[in-house]
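Visitor: Could you take me through one part of this structure in detail? I would like to look closely at the packing around the buried cysteines and at what surrounds that region.

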Amino acid sequence: MSKPTKAELAKYRSLLLHQLASLKGDVGSMRDEALRASDQDASVDHLADQGTDNYDQGFMLGLIENEEETIQHIEEALERIAGRGEWDFGICPMCQEEAEPKKPKDGKKAPAAKKAKPAAKIDPWIPKVRLEYLPWARYCVRHQEAEEKGRESA
């Protein structure tokens with residue numbers, strides 16, 4: 001892989017802006033629906049209907065939370081495209097960290113070690129196929145899976 005070209009960045013930016021507008025509209029309508037459900041008069045409903053309404057409202061609020069997280073990822077990706085993000089757009093920061101040589105913590109030069117086999121070169125760029133499908137991807141597939149496993153165990 002390689003760094004995205006200016007034309008590719010423009011295409012990703014367009015995809016992200018389109019998705020952002022769509023999600024913001026969806027979240028707005030879901031929020032209106034959740035608020036409308038909470039404003040209904042509970043005195044006329046059957047107890048089972050109230051339970052269903054409460055479940056539906058909780059489910060809707062969970063969807064809103066997921067969509068808002070995606071919106072945040074999209075906004076961060078747009079910042080990276082503009083050059084204002086924590087790292088470059090299209091790069092996996094974890095792969096980049098793995099690819100950089102380790103520096104001693106004390107600032108001294110590391111002692112010369114025996115020559116080992118050179119490790120396979122790590123390409124920190126997220127594959128373009130992944131960015132086409134998920135332009136707000138923060139990590140390569142390998143590191144995304146590790147991130148999700150870490151989230152599940154927490």
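Guide: Happy to; here is a walk from the whole chain into the core, on to the cysteines, and then out to the surface.

Please keep in mind that this is a predicted model. The chain has five helices and zero strands, so that its elements read α-α-α-α-α from the N terminus on. Of its 154 residues, 24% are buried. Among contacts between residues at least 6 apart in sequence, 80% join residues at least 24 apart.

Now to the core. The largest nonpolar core holds 21 residues, and those touching the most other members are Leu-16, Ile-74, Phe-89, Cys-92 and Leu-131. Helix H1 (6-38) and helix H2 are the elements that give two or more residues to this core. Phe-89 is a good place to pause. Leaving aside residues up to four places away in sequence, Phe-89 touches Pro-4, Leu-9, Tyr-12, Leu-16, Ala-77, Arg-80, Ile-81, Trp-125, Leu-131 and Pro-135. Two of these partners, Leu-16 and Leu-131, are also listed with Phe-89 among the residues that touch the most other core members.

Next comes Cys-92, another of those well-connected core residues. Cys-92 has 0% relative accessibility, and therefore counts as buried. Is its sulfur bonded or unbonded to the closest cysteine sulfur? The closest one belongs to Cys-95, and at 3.8 Å it is too far for a bond; the cut-off for a disulfide is 2.5 Å between the sulfur atoms. Cys-140 is in no disulfide either: its nearest cysteine sulfur is again that of Cys-95, 3.6 Å away. Cys-140 is buried too, because its relative accessibility is 10%. By this rule, the count of disulfides comes to zero.

Just after Cys-140 in the numbering is Val-141, found in helix H5 (residues 141-153). Its C-alpha is 9.4 Å from that of Cys-92, although 49 residues separate Val-141 and Cys-92 in sequence. Unlike buried Cys-92, Val-141 is partly exposed, with a relative accessible area of 43%.

Moving outward, we reach the charged pairs. The whole structure has six salt bridges, and three of them are worth a visit here. Lys-128 pairs with Glu-8, with 3.7 Å between the closest N and O atoms. This pair links helix H4 (residues 128-133), which holds Lys-128, to helix H1, which holds Glu-8, across 120 residues. Glu-132 and Lys-11 meet in another salt bridge, at 2.4 Å from N to O. Here too helix H4 is linked to helix H1, with Glu-132 and Lys-11 lying 121 residues apart. Both ends are partly exposed: Glu-132 has a relative accessible area of 38%, and Lys-11 has 36%.

The third pair is Arg-138 with Glu-76, whose closest N and O atoms are 3.3 Å apart. Arg-138 sits in the loop between H4 and H5 while Glu-76 is in helix H2, so this salt bridge ties together parts 62 residues apart in sequence. Glu-76 counts as partly exposed because its relative accessibility is 23%.

Finally, the outside. The accessible surface of the chain is about 11500 Å², and 54% of that belongs to carbon and sulfur atoms. On this surface Tyr-55, Phe-59 and Leu-63 form a nonpolar patch, with about 340 Å² of accessible area together. Leu-63 lies in helix H2 (residues 47-81), and its 32% relative accessibility makes it partly exposed. Helix H2 thus gives residues to the core and also holds Leu-63 of the patch.

Notes: Residues numbered from 1 in each chain as written. Predicted model: local features only at pLDDT ≥ 70, side-chain atom pairs only at ≥ 80, totals over all residues. Heavy atoms only, no water. Patch = residues over 30% accessible without salt bridge, like charges linked within 9 Å, V, L, I, M, F, W, Y side chains within 5 Å. Areas by Shrake-Rupley, 256 points an atom, 1.4 Å probe, with all protein chains shown as cover. Salt bridge = Lys/Arg side-chain N within 4 Å of Asp/Glu carboxyl O. Helix = DSSP H or I, 4+ residues; strand = E, 2+ residues; numbered from the N terminus. Buried < 20%, exposed > 50% of the residue type's maximum accessible area, 1.4 Å probe, protein only. Core = buried A, V, L, I, M, F, W, Y, C linked by side-chain atoms within 4.5 Å. Contact = heavy atoms within 4.5 Å.
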